[in-house]
Amino acid sequence: MASRKIIIDTDPGQDDALAILLALASPEELDVLGITVVAGNVPLPWTQKNARKICELAGKPGTRVFAGADRPLIRPLVTAEHVHGRTGLDGPDLPEPTMPLQAQHAVDFIIDTLRSLPSGEVTLCTLGPLTNVALALQQAPDIAPRIRQIVMMGGGFFEGGNITPAAEFNIYVDPHAADVVFRSGVPLVVMPLDVTHQVLTTRKRVEAIGALGTPVARAVVELLEFFERFDEQKYGCDGGPLHDPCVIAYLLQPQLFQGRDCNVTIETGSDLTLGMTVVDWWGVTSRPRNATVMRYVDADGFFNLLTARLKTLCG
Ligand code: BDR
Ligand code: CA
């Protein structure tokens, strides 16, 4: 079977880094057409450099990385150095990347790719604020029906929020962009905190990755050990939630996840609940179903997949 064509839109971030590694380690199933970068966890100069560092770590310096929006559509940028460190990729001492940043703007790359390939071929995997995707949809509304699916990490409902009591970080940073995406009519699969909080980097799981003994595995362990310290303290759990790789794992093994189709509407008006993903899980409104919202994951299955794929990266 031909591999599935994807564009990864991301703001790396240690967990974004793991998602990128998982995708690049899965060439039989996934054809990474490009990585488009957005400001989020840290400002754009860091996120675009981090994306290139990760491609080089994976031994895939030919991967195309495009820089996109350096701020949300309307609101000022909110970042998360308190979670990810000053660089966004604190932990291992990765070398400065030598592979080039592409000259084309990420939004133009998304639009051109969707227009040039047959309709329904390209899946967008979003791991950060939705600014690039919203800009592409606004600038080129004709691309919406051409997108096969958007699989995103974002939102939270039963778990509440992680940056405010009501909002998850990716949606909170650019709620207006999220609103554009959720109203776009593109088929959406959503990995909210309700799922990602089940995927914990426990000591045992991190040790299993470390036991691979490769340079990639060593860097991953350092990334995870830095990343989990914040959430371990916050939630009092063994390990931190590995949010973004859930998106890629879904493309590889969708049977690991369970959810349901429902309406999701983004709060853009209230100061108190700005960026909340209001999920009509119980179908109590007549609002149309616009997303498949995941709720459960086989966490051991997820880590088995991740560890097995990381083993194939020798970079
Ligand atoms: C999301 O926010 C970021 O900090 C992570 O990279 C992830 O995409 C989790 O709320
Ligand atoms: Ca992210």
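The legends below describe close-up views of a predicted model, covering ligand 1, the calcium ion and a cis peptide bond.

**View 1. The shell of residues around ligand 1.** Ligand 1 sits in the largest pocket, where the surrounding residues are Asp15, Asp16, Asn41, His84, Leu127, Met153, Asn162, Glu168, Phe169, Asn170, His243 and Asp244. Sorted by class, this shell comprises 3 nonpolar, 5 polar and 4 charged residues. Helix H1 (14–24) and helix H6 (169–173) each contribute at least two residues to the shell.

**View 2. Polar atoms of the protein beside oxygen atoms of ligand 1.** In the side chain of Glu168, an N or O atom lies 2.4 Å from an oxygen atom of ligand 1, and a polar side-chain atom of Asp15 is found 2.6 Å from an oxygen atom of the ligand. Leu127 takes part through its backbone, with a polar atom 3.0 Å from an oxygen atom of ligand 1. Taken alone, ligand 1 exposes 280 Å², of which the protein buries 96%.

**View 3. Coordination of the calcium ion (ligand 2).** The donors to the calcium ion are Asp11 (OD), Asp16 (OD), Asp16 (OD), Leu127 (O) and Asp244 (OD), at distances of 2.2 to 2.6 Å. Along the chain, these donors follow the spacing D-x4-D-x110-L-x116-D. Because Asp16 lies in helix H1 whereas Leu127 belongs to the loop between strand S4 (122–126) and helix H5 (131–139), the pair ties together parts that are 111 residues apart in sequence. Asp16, Leu127 and Asp244 are also listed among the residues around ligand 1.

**View 4. The cis peptide bond from Pro12 to Gly13.** The peptide bond that runs from Pro12 to Gly13 is cis, with omega near -5 degrees, whereas most peptide bonds are trans. Gly13 is placed in the loop between strand S1 (4–10) and H1.

Terms used
Residues are numbered from 1 along each chain as its sequence is written. Chains are lettered from A and ligands numbered from 1 in the order in which they are written. This is a predicted model: local features need pLDDT of at least 70, side-chain atom pairs count only at pLDDT 80 or more; totals for chains, interfaces and linings use all residues. Side-chain values use heavy atoms; hydrogens and water are left out. A residue is near a molecule or strand if one of its heavy atoms lies within 4 Å of it. A polar contact is a pair of N or O atoms within 3.5 Å; within protein, one must be able to donate a hydrogen and the other to accept it, and residues adjacent in sequence count only if both atoms are side-chain atoms. Accessible areas come from the Shrake-Rupley method with a 1.4 Å probe; for residues, only the protein chains shown count as cover. On a 1 Å grid over the protein atoms alone, a cavity is a set of points where a 1.4 Å probe fits but cannot get out, and a pocket is an open set with protein on both sides within 12 Å along at least five of seven lines; lining residues have an atom within 4 Å of a point. A molecule sits in a cavity or pocket if more than half of its atoms lie within 2 Å of its grid points. Helices (H or I, at least four residues) and strands (E, at least two) are DSSP runs, numbered from the N terminus. Ala, Val, Leu, Ile, Met, Phe, Trp, Tyr, Cys and Pro count as nonpolar, Asp, Glu, Lys and Arg as charged, and the others, Gly among them, as polar. Donors are N, O and S atoms within 2.8 Å of the metal (3.2 Å for Na, K and Ca); water is not among the atoms, so sites may look incomplete.
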